[in-house]
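Here are some exercises to work through with the sequence and the structure side by side. Try each task yourself before you read the solution.

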Amino acid sequence: MNNELPENQFRTSLLEENDGPGRNPTDNRTMGDIIAARFSRRGFLRGSLAVSAIAATVSPLALITADNARAASGSAFNFDEVEAGVDETHHVAAGYDADILLRWGDALFADAPEFNPTAQTAAAQAKQFGYNNDYVGFIPIDGSSEHGLLVVNHEYTNPHLMFPGLVTIEEKDGKKAIKQAPLSKEQVDVEMAAHGGTIVEIKKVDGKWQVVKDGKLNRRITSNTEMQLTGPAAGNDRLKTNADATGTKVFGTVNNCAGGVTPWGTYIMAEENIHGYFSGELPADHKETANYKRMGIPEGAYEWAAHYDRFDLAKEPNEANRFGWIVEVDVNDPALLPKKRTAMGRFKHEGAESIVNKDGRVVFYLGDDERFDYVYKFVTAGTFNAADRAANMDLLDDGTLYVAKFSEDGSVEWLPVVFGQGPLTAENGFSNQADVLIETRRAADLLGATKMDRPEDVQPNGVNGKVYVMLTNNTKRKAEQIDAANPRAENAFGHIIEIAEDGGDFAATKGKWEVLLKCGDPSVADVGATFSTSTTANGWFGMPDNCAVDSAGRLWVATDGQGPKATGRTDGLWAVDTEGEARATSKLFFRVPVGAEMCGPLFTPDDQTGFVAVQHPADGGDDWKPFGRPSYYEDLSTRWPDFKPDMPVRPSVVVITKQGGGKIAV
Ligand code: FEO
Ligand code: CA
Ligand code: CA
Ligand code: CA
């Protein structure tokens with residue numbers, strides 16, 4: 001662990017700068033740098049003044065007013081857009097309430113201690129809402145849209161924002177920089193308990209959502225919760241450790257980014273940037289060397305290996321093979337062990353959103369979030385049984401994993417990632433399906449899958465039959481590496497691809513695709529963004545990440561990585577039209593406080609409630625002029641959501657409802 005490198009920047013770079021095998025070692029100025037310079041210049045200008053001040057250099061698109069956007073013909077969304085910008089708090093469209101539902105540290109059980117940031121313990125944290133909420137799912141109780149289980153992933157931890165007394169500020173190259181002390185074992189234990197997921201009963205009472213503290217299904221899952229490995233790779237020698245001779249019993253889950261809720265009402269947690277938790281070196285010539293290199297293991301961003309041998313590759317060389325899977329949790333009994341479903345492949349899993357196909361099989365769409373990595377789908381062998389929940393509980397252990405190959409002619413082919421087919425044979429070092437799954441990335445490399453610009457959430461839409469692929473960015477793609485599905489070099493702002501599977505069959509091995517949207521500021525010609533001309537100066541965005549489709553089939557996109565430098569605005573939730581004349585029109589509905597990333601989003605089945613997750617607020621402040629210095633526990637760029645001097649900033653889930661009731665954005 002290099003403590004000269006600020007921990008937060010280290011982890012931010014881990015998350016935002018996922019380098020794939022195409023890592024470019026040069027320092028060439030990227031499109032992102034050019035845009036950053038532009039926004040830091042205009043950062044002090046506000047609103048229409050900013051627009052007119054730079055109007056000489058921009059296209060008339062920037063001058064479109066909010067009124068024009070409201071008039072966008074055929075838009076499926078009706079609300080008054082939020083003004084894009086950066087400040088200490090969250091903002092939602094006028095006429096809506098955005099209330100804090102769950103904060104880091106909130107008690108989840110009747111006997112849970114109240115949050116005390118100066119006396120944190122792992123035991124307390126394990127009974128409280130965890131850190132850095134990401135995926136949010138809602139599992140209705142008795143079909144209600146006003147009573148259900150909220151399931152929330154806790155992706156990672158930011159010690160410099162969580163723990164007092166950890167940070168000193170030093171001058172480095174004339175700039176103030178954070179220097180973080182090593183964590184104590186107690187702090188590492190708190191981190192491990194702050195990871196994982198939360199299952200908590202919530203209900204709407206007199207129009208306001210409440211947490212049911214004594215809900216009998218309330219549960220915390222942490223990096224120490226016992227889990228089972230199931231499916232074709234379970235029990236394989238490569239999954240066996242000193243602590244587990246069976247290769248089937250693993251403790252905990254880490255870096256659970258997006259996720260899903262299955263049609264049978266289980267909770268899916270995707271394991272994404274697992275490489276950061278491992279340190280140490282594999283023994284020389286160890287058989288996992290190439291496998292781990294392809295996954296970037298070890299990355300050593302966390303200090304867990306200093307206290308727990310299983311995170312040290314020298315001591316437990318196989319432990320890292322037990323992470324990078326899709327985890328399924330049966331929420332109906334807190335005593336049941338979560339299952340890591342190996343049939344769905346091992347990579348940096350972003351999420352797993354699913355749809356019941358017309359033949360009853362269930363199709364899960366999966367992104368591998370790294371530059372130049374792939375889009376996958378998993379088709380169950382069995383069919384969904386709506387009448388018998390128990391009959392679905394092992395559907396995820398048997399099925400076919402496919403990886404996407406996008407062609408110039410607008411077709412997409414789904415290539416089976418199956419032992420014995422094509423190059424996935426002994427000649428290439430695979431002796432069975434377990435090997436193929438443990439090294440899913442290498443198998444997909446051999447199959448010739450299309451290297452994408454960081455696949456994030458992939459969302460099937462049951463209303464229009466399409467599938468939406470969020471590609472967040474890839475500034476390392478060089479001009480000679482562009483292809484039809486990744487059409488921009490130095491892609492700083494990402495894009496969204498829309499897939500239509502052949503015959504409306506989500507299990508089909510072929511489909512058609514097109515780019516729905518190239519993101520970024522449409523007023524800068526060089527960016528090449530393709531928002532509709534009805535999109536306002538507030539309505540465009542960059543870096544699509546999590547997304548949701550509501551019951552009406554409308555697409556909502558959350559972003560990761562905007563800010564004063566990158567786009568002159570915080571992350572937020574944008575409503576994106578996909579149909580008719582309004583296609584590719586986008587409007588800002590909600591925005592996060594400074595330093596935060598937008599996660600969630602999710603709508604209840606009646607479309608009357610939206611949940612969003614505000615992740616790592618106050619992680620950053622240097623580039624925001626009103627603050628202009630490093631942000632850490634004692635000196636935060638925002639103390640959202642409590643705004644109390646003795647309370648740290650707290651990642652939180654926010655619940656959005658229309659004042660007076662009714663469906664959102666109708
Ligand atoms: Fe955790 Fe791919 O973002
Ligand atoms: Ca994500
Ligand atoms: Ca989603
Ligand atoms: Ca994210």
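A strand here is a DSSP run of E with at least two residues, and strands are numbered from the N terminus. Keep in mind that this is a predicted model.

**Exercise 1. Find the loop that holds Asn-255, and decide whether the residue is buried or exposed.**

Step 1: Look for the strands on either side. Asn-255 sits in the loop between β11 (249–251) and β12 (256–261).

Step 2: Check the accessible area. Buried means under 20% relative accessible area. Asn-255 has 1%, so the residue counts as buried.

Step 3: Look across to Glu-271. Asn-255 and Glu-271 are 16 residues apart along the chain, and their C-alpha atoms are separated by 5.5 Å.

**Exercise 2. Do the same for Gly-105, and list what it touches.**

Step 1: Gly-105 belongs to the loop between β2 and α5 (122–125).

Step 2: Its relative accessibility is 1%, so Gly-105 is buried.

Step 3: Set aside the neighbours within four places in sequence. What remains in contact with Gly-105 is Phe-115, Gln-128, Phe-129 and Arg-650.

Step 4: Take Gln-128 from that list. Gly-105 and Gln-128 are 23 residues apart in sequence, but 4.9 Å apart in space from C-alpha to C-alpha.

**Exercise 3. Work out which residues coordinate the calcium ion (ligand 2) and which coordinate the calcium ion (ligand 4).**

Step 1: Start with ligand 2. The calcium ion (ligand 2) is coordinated by Cys-257 (SG), Glu-350 (OE), Glu-350 (OE), Glu-456 (OE), Asp-545 (OD) and Asp-545 (OD), at 2.2 to 3.1 Å. Along the sequence, its donor residues have the spacing C-x92-E-x105-E-x88-D.

Step 2: Place two of these donors. Glu-456 is in strand β23 (residues 455–460) and Asp-545 is in strand β27, so this pair links parts of the chain 89 residues apart.

Step 3: Ask how accessible they are. Both have a relative accessible area of 2%, so Glu-456 and Asp-545 count as buried.

Step 4: Move to ligand 4. Asp-545 (OD) and Glu-597 (OE) coordinate the calcium ion (ligand 4), at 2.0 to 2.2 Å. Here Asp-545 is in strand β27 (residues 544–549) and Glu-597 is in strand β31 (residues 597–603), 52 residues apart. Glu-597 is buried, like Asp-545.

Step 5: Put the sites together. Asp-545 bridges ligand 4 and ligand 2, and these two calcium ions lie 3.1 Å apart.

**Exercise 4. Which residues hold the calcium ion (ligand 3), and how is the chain tied together there?**

Step 1: The donors are Glu-353 (OE), Asp-457 (OD), Gln-459 (OE1) and Cys-547 (O), at 2.3 to 2.5 Å. Their spacing along the chain is E-x103-D-x1-Q-x87-C.

Step 2: Glu-353 lies in strand β16 (residues 353–356) and Gln-459 in strand β23, so they tie together parts 106 residues apart in sequence.

Step 3: Glu-353 is buried at 11% relative accessibility, and Gln-459 is buried at 8%.

**Exercise 5. How many disulfides are there, and where does Cys-599 stand?**

Step 1: Use the cut-off: two cysteine sulfur atoms must be within 2.5 Å. The count comes to 0 disulfides.

Step 2: Test Cys-599. Its nearest cysteine sulfur belongs to Cys-257 and is 6.8 Å away, and Cys-599 is in no disulfide.

Step 3: Cys-599 is buried, with a relative accessible area of 0%.

**Exercise 6. On which side of helix α10 do the buried residues lie, and what covers them?**

Step 1: In α10 (residues 440–447), the buried residues are Thr-440, Arg-441, Ala-443, Ala-444 and Leu-447. Their arc around the axis is only 160°, so they are on the same side of α10.

Step 2: Recall the general rule. An α-helix has 3.6 residues a turn, so residues three or four places apart point the same way.

Step 3: The elements covering the buried residues of α10 include α8 (289–295), β20 (399–406) and α9 (433–438).

Step 4: Look just past the helix. Gly-448 follows α10 and has a positive phi, near 80°.

**Exercise 7. Trace the open sheet that contains β31.**

Step 1: The 4 strands run in the order β2-β33-β32-β31, with antiparallel pairing. The edge strands, β2 (96–103) and β31, each pair on one side only.

Step 2: From one strand to the next, the twist averages 25°.

Step 3: Zoom in on one pair. β32 (residues 609–615) and β33 (residues 652–658) pair over 6 bridges, and Ala-613 stands opposite Val-653 in β33.

Technical notes. Residues are numbered from 1 along each chain as its sequence is written. Chains are lettered from A and ligands numbered from 1 in the order in which they are written. This is a predicted model: local features need pLDDT of at least 70, side-chain atom pairs count only at pLDDT 80 or more; totals for chains, interfaces and linings use all residues. Side-chain values use heavy atoms; hydrogens and water are left out. Donors are N, O and S atoms within 2.8 Å of the metal (3.2 Å for Na, K and Ca); water is not among the atoms, so sites may look incomplete. Buried means under 20% relative accessible area, exposed over 50%, partly exposed in between (1.4 Å probe, protein chains only). The arc is that of the directions from the helix axis to the C-beta atoms. Contact means heavy atoms within 4.5 Å. Two strands pair if DSSP finds at least two bridges between them. Axes are lines fitted to C-alpha atoms, for helices over the stretch in contact, and angles run from 0 to 180 degrees between N-to-C directions.
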